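Here are some friendly notes to help you find your way around this model. Please keep the structure open beside you as you read.

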Amino acid sequence: MLQISTTPRHDWKERAKEFGFGFHTIDDEPYWIEDRYYQFTLEQIEEHIEDPTEEIHQLSLQVIERVVNSDELMDKFQIPETMWQLVRESWQRKDPSLYSRLDFAYDGKNPAKLLEINSDTPTSIYELGFFGWLWLEDKVNRGEVPRSADQFNLLQELLVNRFRELKLSLQFNTLHFACCKGTEEDKGTVDYMADCAKDAGIYTEFVYVEDIGLSECGKFTDNNSKVIDSMFKLYPWEFMFREEYAQYLATAGVNWFEPMWKCITSNKAILPLLWEMFPGHPNLLEAYFADDPKAKRLTHYVKKPIFSREGSNISIYKDGKVIEKIDGPYGEEGYIVQQYTPLPKFGNNHVLIGSWLINDRPAGLSIREDIGRITKDTSLFVPHIILG
């Protein structure tokens, strides 16, 4: 795992505009950068990233099986009791999923360590699936990286194939896509997913979450009063469970992507369960619920809210003192603590690996950099190659 300096494409901003990548800069600060890239060997990708990604994903499915069969754990995961049966039915039906991302600390030598699972609303998929691949093609064609260079990036191919499978198995008429207003990155992600669905021959519609309505017979509708029978929503289940329309989730008859059972794997509470069920696993970090007496064993740890997103309300402790933290709106739902492991540092920045799955299959690798130890939504996105 090497960081390689390179000259940015002279026309990369024009390329971004051409292909609708409007959030390459956020609040006048860079988000996408290409004055450097990361280089991996094929062995590192296959053995150190792909293999543990697939294995931990399978372990997480065993955790779901345990949680859905336990009222105590459903409560521990802060799933409202009114939703328990729906979550259980979603799992028992094996409602199909699209994608997930596992975040790892990995330095190229030691085993990758799982930091968290993002399985409900992961973002940064367009940046890798399309624009990252375009970067590689341009750099190869311009002779700026070796022609033999590859990329761990099967996202678009596997997404289109997955949408094609879902169309055949579920036989929906229209697939709606939704996100909240005023979120350019989320809208870019949703538009990219919709483009992949269109490539699979699916008719799509878009609706903002705030504009979703309700028909007289209790069905969800878009802003043209069209009934929603299938939807990809970049909006978390923990919000949906607690809003006014939650009472209609049981009768609306929507094929949801991601499915309702993802409220378990996207929840930080899964980290203590993984450690309890598979203690000492080389790719897991010791983790406990914050109120567990065993949590006191940890002297250097990360405290995470069960529903935290994009680094919000995460704090790092060492010997009882906070050494770094991010503020935010989460925390009332409770916390977990996880053994601290350092992210590798290149220059002044800490580096996080995101490992993607499409339909249970490892599908790609994304890299985020931040001057802080906690990765946020504004952390830099850096491309990569495989060589050797």
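**A bridge to start from**

1. A good first stop is a single pair of residues: Y317 has V322 as its bridge partner in β16. Please keep in mind that this is a predicted model. The pair belongs to a longer match, since strand β15 (residues 315-318) and β16 are joined by 4 bridges and run antiparallel.

2. Now step back to the sheet around that pair. It is an open sheet of 5 strands, paired in antiparallel fashion, and its order reads β13-β17-β14-β15-β16. The edge places go to β13 (287-289) and β16 (321-325); each has a single partner strand, so one side of each has no neighbour in the sheet. From one strand to the next, the twist averages 25°.

3. This antiparallel sheet also has a helix packed on it. Helix α10 (residues 270-277) touches β13, β14 (300-305) and β17 (335-339). If you compare directions, that of α10 makes about 120° with that of β13.

4. How is the chain divided? Domain 1 covers 39-267 + 344-386, and domain 2 covers 286-339. Their C-alpha centres are 24 Å apart. Where the two domains touch, 19 residues come from domain 1 and 17 residues from domain 2.

5. There is a second sheet to look at, and its pairing is parallel: an open sheet of 4 strands in the order β8-β7-β11-β12. Here β8 (204-208) and β12 (255-257) are at the edges, each with a single partner strand, so one side of each is left without a neighbour in the sheet. On average, and with direction ignored, neighbouring strands of this sheet are turned by 25° against each other.

6. To see the parallel pairing residue by residue, try β7 and β8. Strand β7 (residues 175-179) runs parallel to β8, and 5 bridges join them. One pair to pick out is H176, whose bridge partner in β8 is E205. Helix α7 packs on this sheet and touches β7, β8 and β11 (230-233). The direction of α7 makes about 170° with that of β7.

7. Helix α7 has a helix partner as well. The axes of helix α6 (residues 155-170) and helix α7 (residues 184-199) come within 8 Å and cross at roughly 60°. That angle makes α6 oblique to α7. The crossing of these two helices is right-handed.

8. Which residues make the contact of α6 with α7? On the α6 side they are Q156, L159, V160, F163 and R164, and on the α7 side Y192, M193, C196, A197 and D199. By type, this contact holds 7 nonpolar residues, 1 polar and 2 charged.

9. Follow α6 to another neighbour, helix α5 (residues 125-141). Those two pack with their axes 8 Å apart, at an angle of about 110°. They are therefore roughly perpendicular to each other. In this contact I125, L128, G129 and F130 of α5 meet L155, Q156 and L159 of α6. The residues divide into 5 nonpolar, 2 polar and no charged. Q156 and L159 are worth a second look, as they are listed in the contact with α5 and also in the contact with α7.

10. One further helix pair deserves a visit. Helix α2 (residues 42-68) and helix α4 (residues 84-92) have their axes 10 Å apart and pack at an angle of about 140°. That makes α2 oblique to α4. Their crossing is left-handed. The contact consists of L61, I64, E65 and V68 from α2, together with V87, R88 and W91 from α4. Sorted by type, the residues are 5 nonpolar, no polar and 2 charged.

11. Finally, two backbone details that are easy to pass over. F257 and E258 are joined by a cis peptide bond, with omega at about 10°. E258 is in the loop between β12 and α9 (262-265). The other detail is at D28, which has a positive phi of about 65° although it is not a glycine. You will find D28 in the loop between β2 (25-26) and β3 (29-30).

Note on methods. Residues are numbered from 1 along each chain as its sequence is written. This is a predicted model: local features need pLDDT of at least 70, side-chain atom pairs count only at pLDDT 80 or more; totals for chains, interfaces and linings use all residues. Side-chain values use heavy atoms; hydrogens and water are left out. Axes are lines fitted to C-alpha atoms, for helices over the stretch in contact, and angles run from 0 to 180 degrees between N-to-C directions. Angles under 35 degrees count as roughly parallel, over 145 as roughly antiparallel, 65 to 115 as roughly perpendicular and the rest as oblique. A crossing is left-handed if the near helix is turned anticlockwise from the far one by less than a right angle, and right-handed if clockwise. Contact means heavy atoms within 4.5 Å. Ala, Val, Leu, Ile, Met, Phe, Trp, Tyr, Cys and Pro count as nonpolar, Asp, Glu, Lys and Arg as charged, and the others, Gly among them, as polar. Two strands pair if DSSP finds at least two bridges between them. Domain bounds come from an automatic or database domain assignment.
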